[in-house]
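Subject: Structure handover

Hello,

Here is the structure for your files. My notes on it follow below.

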Amino acid sequence: MRRLAALAFAVWTSLTLAAHAQGTYAIYGDYPNTTQTGTIPETLLVAIPVPGGAVGPNGLAKLTVTWTYTNSANTKNIGVRTGTSSGVTGGLVANTAVTTTATAQTVFFFRNNGALNLNNVYAGGLTPYGTIAAGLNVPNINTAGQWFFNLTATIPTAAETVTLVGWTLEIINP
Amino acid sequence: MRRLLALALAALLVGGQASTNSNMNVGGGGATIAAGSYWYSQTYPNFTITGDTAEHVFTDVPVPPGAIGPTGILRITLAWTANSNANAKTVRVRFGSVAGSGANANIGQQNAANNTVGQMQVILRNAGATGSQAILAGVGTNPYIASANTLMLTSVDTTQISHVTITGTLAVGTDTMTLLGLTVEALHP
């Protein structure tokens with residue numbers, strides 16, 4: 001828990017930029033190598049605070065994450081939540097189930113839809129370029145204030161693991 | 001000055017392509033590549049190999065020292081074309097400290113057999129230190145996927161000039177394969 005708190009604080013302090021102006025591109029990232037094990041319920045691995053106004057009304061937040069996990073037939077879930085608080089909170093805008101593999105890389109596209117409080121997420125996860133019958137997720141959080149990408153994991157047995165190896169966040173403002 | 005000369009020399013070691021390198025300072029960047037910076041190399045080598053079955057260097061991109069810091073990534077995107085038949089034609093993305101070297105670590109490859117064109121992306125992530133990297137392994141053209149392989153680890157000192165080397169190997173020397181375009185992006189959070 002102390003490690004998670006320290007990690008959250010480190011991430012918090014690394015994202016201190018103010019709102020980004022039109023025509024800007026900003027990069028954030030870390031290599032937390034944080035593991036969930038021993039606890040089955042959905043657990044926060046990393047909370048990434050995004051400064052208020054960082055994503056403009058037509059901006060894009062693109063989040064690329066590298067994961068490792070136990071290779072077994074049991075389902076492990078990798079979750080992405082967006083909300084105005086950190087933790088296992090906010091809407092689940094993407095969930096990726098993995099089983100008999102050992103590593104994965106996911107990318108998520110969070111777009112503001114013409115206004116700071118209208119947004120959508122293409123929840124492809126492992127298939128970011130493709131088609132989805134279910135449509136876009138629409139969290140519609142107000143990005144005028146600080147908000148969070150909450151990256152979580154759910155493991156099927158306490159003996160299994162999911163590790164968030166590293167993440168990179170690109171914010172593109174047209 | 002010695003680094004600049006080494007960069008210039010590395011650029012001369014591979015031929016036939018126009019190169020555009022840029023450092024777009026998006027945050028704390030200054031005269032050197034610093035935290036918050038984005039550096040890229042955009043080239044269109046349009047370079048063809050044929051005639052034998054050796055591994056040939058299509059092109060080599062020298063990446064400036066410190067371009068990705070301890071937690072940044074290199075994102076490498078390339079497109080190629082080949083004559084379509086069942087013979088193996090392998091394009092490889094290599095990463096290391098030596099310009100244009102087939103001995104640099106193979107961090108991604110794809111066989112172009114039975115296809116005419118291909119596009120591929122590889123993401124290399126510095127693993128919390130400038131001399132340690134992790135790459136999703138054995139995933140072919142698509143880096144956004146799950147793999148049964150463990151992460152591939154390399155230990156290239158990215159505080160010095162590092163090299164992205166693209167190579168091609170033909171199983172049958174009469175075939176052809178052409179590297180069309182190559183984009184190397186360095187994201188330094």
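How many bridges join E5(B) to E8(B)? The count is 9, and the two strands run antiparallel. Strands, like helices, are DSSP runs numbered from the N terminus, with at least two residues (E) for a strand and at least four (H or I) for a helix. Two strands are called paired if DSSP finds at least two bridges between them.

Before the rest, the conventions. This is a predicted model, in which local features need pLDDT of at least 70, side-chain atom pairs count only at pLDDT 80 or more, and totals for chains, interfaces and linings use all residues. Residues are numbered from 1 along each chain as its sequence is written, while chains are lettered from A and ligands numbered from 1 in the order in which they are written.

Chain B overall

Chain B has 1 helix and 13 strands, and along the sequence the helix precedes the strands. Of its 189 residues, 44% count as buried (20 or more other C-beta atoms within 10 Å of the residue's own; exposed means 12 or fewer, partly exposed in between; C-beta atoms are placed from the backbone). Among the contacts in chain B with a separation of 6 or more, 69% are between residues 24 or more positions apart. A contact here means that the C-beta atoms of two residues, placed from the backbone, lie within 7 Å.

Strands E5, E8 and E9

In the pairing of E5(B) with E8(B), Thr81(B) has Val117(B) as its bridge partner. E8(B) also pairs with strand E9 (residues 132-135) of chain B, antiparallel, through 4 bridges. In that pairing Arg125(B) is opposite Ala134(B). The hairpin that joins E8(B) to E9(B) does so through 2 residues.

The four-stranded sheet

An open, antiparallel sheet in chain B has 4 strands in the order E4-E12-E6-E7. Its edge strands are E4 (56-63) and E7 (105-111), each of which pairs on one side only. On average, neighbouring strands of this sheet are turned by 15° against each other, direction ignored (axes are lines fitted to C-alpha atoms, for helices over the stretch in contact, and angles run from 0 to 180 degrees between N-to-C directions). E6 (residues 89-96) of chain B is joined to E7(B) by 6 bridges, and Arg92(B) is opposite Gln109(B) there.

Ile68(B)

Ile68(B) is in the loop between E4 and strand E5 (73-82) of chain B. Why does Ile68(B) count as buried? Because it has 29 C-beta neighbours inside 10 Å. Beyond the neighbours within four places in sequence, Ile68(B) has contacts that include Ile73(B), Asn126(B), Thr158(B) and His188(B). By contrast, the C-alpha atoms of Ile68(B) and Ala88(B), 20 residues apart along the chain, are separated by 34 Å.

The contact between the chains

Chain B contributes 25 residues to the contact and chain A 28 residues. On the side of chain B that touches chain A, E8 (117-129), E10 (146-147) and E13 (176-188) each supply at least two residues. E8(B) gives the most, with 4 residues. By class, this side has 15 nonpolar, 9 polar and 1 charged residues (Ala, Val, Leu, Ile, Met, Phe, Trp, Tyr, Cys and Pro are nonpolar; Asp, Glu, Lys and Arg are charged; the others, Gly among them, are polar). Strand pairing also crosses between the chains: E7 (residues 103-115) of chain A and E10(B) pair in the antiparallel sense over 2 bridges. Ala104(A) is opposite Ala146(B) in E10(B).

Regards
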